[in-house]
Amino acid sequence: MSITIREEHFEQAVLASSLPVLVHFWAPWCGLCRMMNPILNRFQKDCGSYLQIVDINADENLKLANFYKLSTLPTLLFIENGQVLQRFEGLRSRDDFHRALEGLLYQNQLQNSLYD
């Protein structure tokens with residue numbers, strides 16, 4: 001299950017995380033955002049030891065929304081070591097989205113194993 005954070009916890013929970021973090025920007029009025037929740041919960045269950053998922057309400061955290069130049073919701077950012085490595089905007093099919101995330105995790109694990 002993902003956790004919900006606010007701007008004041010973003011640096012510690014996301015930028016300083018030892019795991020890659022998938023940041024889910026959403027809003028309560030966004031129907032597509034609500035459709036992402038079961039997909040993200042399933043992905044967190046399957047890949048929780050390799051990835052942290054956090055939810056951020058874009059309406060309540062405008063500084064972050066502006067900093068990351070959100071133009072549509074949902075927007076998901078794959079962040080590792082404080083850097084955005086991938087950006088997902090809008091809703092893809094569950095299978096396409098799942099494959100894209102698995103590919104990112106695999107690529108990151110492979111790169112990290114080369115430097116260990």
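**Reading charge pairs, ring pairs and a sheet**

Trainee: What does arginine 87 count as by relative accessibility?

Mentor: Arginine 87 counts as partly exposed, because its relative accessibility is 31% and the partly exposed class runs between 20% and 50%. Keep in mind that this is a predicted model.

Trainee: Which residue forms a salt bridge with arginine 87?

Mentor: The general idea comes first: side chains of opposite charge can pair when their charged atoms come close. Here the partner is glutamate 89, and the closest N and O atoms of the two residues are 2.9 Å apart. Glutamate 89 is itself partly exposed, at a relative accessible area of 40%.

Trainee: How many salt bridges does the whole structure hold?

Mentor: A search of the whole structure gives 3. Arg6, Glu8 and Glu60 are joined in a network of such bridges. Within this network, glutamate 8 pairs with arginine 6 at 3.5 Å between the closest N and O atoms. Glutamate 8 counts as exposed, with 56% relative accessibility, whereas arginine 6 is partly exposed, at 36%.

Trainee: What is the closest N and O distance between glutamate 60 and arginine 6?

Mentor: The closest N and O atoms of that salt bridge are 3.3 Å apart. This pair links distant parts of the chain, 54 residues apart: arginine 6 sits in the loop between β1 (3–4) and α1 (7–15), and glutamate 60 in the loop between β3 (52–57) and α3 (62–67). Glutamate 60 is partly exposed, with a relative accessible area of 49%.

Trainee: Now the rings. How many aromatic pairs are there?

Mentor: A pair of aromatic rings is described by the distance of the centres and the angle of the planes. The count in this model is 3 aromatic pairs. One of them is formed by phenylalanine 10 and tyrosine 68: the centres are 5.9 Å apart, the planes make 55°, and the pair is tilted. Phenylalanine 10 belongs to helix α1 and tyrosine 68 to the loop between α3 and β4 (75–80), so the pair ties together parts 58 residues apart in sequence.

Trainee: Are phenylalanine 10 and tyrosine 68 buried or exposed?

Mentor: Both are buried. Tyrosine 68 also pairs with phenylalanine 67: with planes at 85° and centres 4.9 Å apart, the pair is edge-to-face. The two members of this second pair differ in class, because tyrosine 68 counts as buried at 10% relative accessibility while phenylalanine 67 is exposed at 57%. Ring pairs link Phe10, Phe25, Phe67 and Tyr68 into a cluster.

Trainee: What is the order of the strands in the sheet?

Mentor: Strands of a sheet pair through backbone hydrogen bonds, either parallel or antiparallel. In this model the order is β1-β3-β2-β4-β5, in an open sheet of 5 strands with mixed pairing. The edges are β1 and β5 (83–89); each has a single partner strand, so one side of each has no neighbour in the sheet.

Trainee: How many bridges join β4 to β5, and how do these strands run?

Mentor: They run antiparallel and are joined by 6 bridges. Phenylalanine 78 stands opposite glutamine 86 in β5.

Trainee: Which strands does α1 touch?

Mentor: Helix α1 packs on the sheet and touches β2 (21–26), β3 and β4. The direction of α1 makes about 145° with that of β2. Helix α2 (residues 31–47) packs on the sheet as well, touching β2, β3 and β4, and its direction makes about 165° with that of β2.

Conventions:
Residues numbered from 1 in each chain as written. Predicted model: local features only at pLDDT ≥ 70, side-chain atom pairs only at ≥ 80, totals over all residues. Heavy atoms only, no water. Salt bridge = Lys/Arg side-chain N within 4 Å of Asp/Glu carboxyl O. Buried < 20%, exposed > 50% of the residue type's maximum accessible area, 1.4 Å probe, protein only. Helix = DSSP H or I, 4+ residues; strand = E, 2+ residues; numbered from the N terminus. Phe/Tyr/Trp six-rings, centres within 6.5 Å; stacked < 30°, edge-to-face > 60°. Pairing = 2+ DSSP bridges. Contact = heavy atoms within 4.5 Å. Axes fitted to C-alpha atoms, helices over the stretch in contact; angles between N-to-C directions.
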